[in-house]
Amino acid sequence: MKRTIFSLITMLLLYGVSALAQISVEGYSLVYSSETPERAGLLLTLSDAELANCTGDFTSAENMERHWGYCEKESSDWNKRMGTTAEEHAQVHKFQNGHLRLLAKSTNGSANGFLTGGIRMRGGYKYGIYEVKAKCMPHASNFPAIWMMPITNEEWPICGEIDMMEMVGSSSAVWSTVHVAARYSESQGGHPVGKSYGYTGSMGTSEGYHIYSLYWDKVSLIFYCDGRQVFRYNKDTTLDLDKYPDYESYQFPYNKEFYMILNQAVGKDSGWGNETPDPSFTYEMDVEYVRIWQAPET
């Protein structure tokens, strides 16, 4: 009995701090967790149905691939260094004690030989509360991100983008951003003009784990870090939809399913952080869990 009590106290010391940093999920049900049912059950009060949604995805590559896929190598700054083979994926995707460790490292000792890790959910969700507990390592050229894209194949940025967390370079600042169509132009026939319209808030974070949360409903996206609101984006209810019937979908394109992306990139070549990756440093984002909660009517 004493050993059991000691074990429980140890678990509370290890994980109890996270509970203080979470936003309220009252009235919501857990529909996805990367944790095992045993681990989630120690930290949360869950029904049998909720425990059944605890997947243990981050306990192994095989388990992860049930609900996530590897980000493909493409030409964008964040994914142009992704691996293409199982051997390359194994170098930058590590699974340890139920955590996912995403790495970025040089494979040949030069800044031109970097390999980066990233995964994306195979399915999407609409509305709800999203939580990711993660730890990042600020360093020159660091660029980890927790973000979401729509499952529909639409032109960016009209489709919308939700960036729950980004860090850039050696800074410990956390950025939360949305991307939508820039504006509506009468002179161009009512089409969106420009490439993106980013609303951004930031806060500094200390070393160690932090909980990055998103509250998403029909009229707003609210971003949190350790339970503290850092940014809010609202649907504009004053739009003249008779004049511009498509304006609503451009200004708030968040009425459809989005999937989550977790990635550790380096060397953003434009915009933020024009820095060369450090080949002597292994970049890492450690993800302890991903949780998704939804209301019954969602």
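Strand 7 and strand 16 (residues 258-266) pair in the antiparallel sense, over nine bridges, and in this predicted model that pairing is a good place to begin. Within the pair, Met148 stands opposite Met260 of strand 16. Strand 7 also pairs in the antiparallel sense with strand 8 (residues 161-166), here over four bridges, and Ile146 faces Met165 of strand 8.

How many residues of strand 7 are buried? Nine of the nine, residues 142-150, so the strand is largely enclosed by the rest of the structure. Asn142, Pro144, Ile146, Met148 and Pro150 point one way, while Phe143, Ala145, Trp147 and Met149 point the other.

Ile146 leads us on to the core. The largest nonpolar core has 54 residues, and Ile146 is among those with the most contacts inside it, along with Trp68, Tyr254, Met260 and Leu262. Beyond its neighbours within four places in sequence, Ile146 is in contact with residues including Val132, Met164, Tyr212, Leu262 and Met285. A second, separate core of twelve residues includes Ala40, Leu46, Ile222 and Tyr224.

The loops have some backbone details to look at too. In the loop between strand 7 and strand 8 sits Pro157, and the peptide bond from Trp156 to Pro157 is cis, with omega near 10 degrees. Two residues that are not glycines have a positive phi:

| Residue | Phi | Loop | Relative accessible area |
|---|---|---|---|
| Tyr127 | about 65 degrees | between strand 5 (114-121) and strand 6 (128-136) | 12%, buried |
| Asp226 | about 55 degrees | between strand 14 (220-225) and strand 15 (228-234) | 29%, partly exposed |

Conventions. Residues are numbered from 1 along each chain as its sequence is written. This is a predicted model: local features need pLDDT of at least 70, side-chain atom pairs count only at pLDDT 80 or more; totals for chains, interfaces and linings use all residues. Side-chain values use heavy atoms; hydrogens and water are left out. A nonpolar core is a set of buried Ala, Val, Leu, Ile, Met, Phe, Trp, Tyr and Cys residues joined through side-chain atoms within 4.5 Å. Buried means under 20% relative accessible area, exposed over 50%, partly exposed in between (1.4 Å probe, protein chains only). Contact means heavy atoms within 4.5 Å. Helices (H or I, at least four residues) and strands (E, at least two) are DSSP runs, numbered from the N terminus. Two strands pair if DSSP finds at least two bridges between them.
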